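This report covers the strand pairing, one aromatic residue and the ligand shell of a single structure. The sequence and the model come first.

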Amino acid sequence: MAKIVPDCQNCKHFSKALDPEISKVYIGACMKLEWPYAINIPKDDGIEGECGFFEKK
Ligand code: SF4
């Protein structure tokens with residue numbers, strides 16, 4: 001089941017969605033999981049599974 005990684009928004013790899021259209025659906029993007037690609041994190045469902053890369057900003 002997909003869920004929001006609890007502290008994405010306090011992680012230094014998180015980039016907040018600035019575009020108003022994108023931020024309707026995504027809280028922002030993770031710059032770490034699939035570097036060099038940004039992974040958008042859906043507001044409602046979060047990302048799948050656990051994240052072992054959390055680093056506090
Ligand atoms: S590294 Fe993990 S905790 Fe940090 S933004 Fe990406 S998914 Fe969230």
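Two strands count as paired if DSSP finds at least two bridges between them. The model described here is predicted.

## Sheet

Strand β3, residues 26-34, is joined to β4 by 5 bridges, and the two strands run antiparallel. One of the bridge partners is known by residue: Gly28 is matched with Ile41 in β4.

Both strands belong to an open sheet of 3 strands, ordered β2-β3-β4, with antiparallel pairing. At the edges are β2 (14-16) and β4 (37-42), each of which pairs on one side only. With direction ignored, neighbouring strands of this sheet are turned against each other by 35 degrees on average.

## Phe53

Phe53 is located in the segment that follows β5 (47-48). Is Phe53 buried, exposed or partly exposed? Phe53 counts as partly exposed because 14 C-beta neighbours lie inside 10 Å, whereas a buried residue would need 20 or more and an exposed one 12 or fewer.

Neighbours within four places in sequence aside, Phe53 is in contact with His13, Lys32 and Leu33. The C-alpha atoms of Phe53 and Cys11 are 8.8 Å apart, although 42 residues separate the two in sequence.

## Ligand shell

There are 12 residues around the ligand, and those that come nearest are Cys8, Cys11, Cys30, Cys51 and Phe53. Strand β3 supplies the largest share of this shell, with 3 residues.

By residue class, the shell around the ligand holds 10 nonpolar residues, 1 polar and 1 charged. Cysteine is counted as nonpolar in this scheme.

Definitions and conventions. Residues numbered from 1 in each chain as written. Predicted model: local features only at pLDDT ≥ 70, side-chain atom pairs only at ≥ 80, totals over all residues. Helix = DSSP H or I, 4+ residues; strand = E, 2+ residues; numbered from the N terminus. Axes fitted to C-alpha atoms, helices over the stretch in contact; angles between N-to-C directions. Contact = placed C-beta atoms within 7 Å. Near = placed C-beta within 6 Å.
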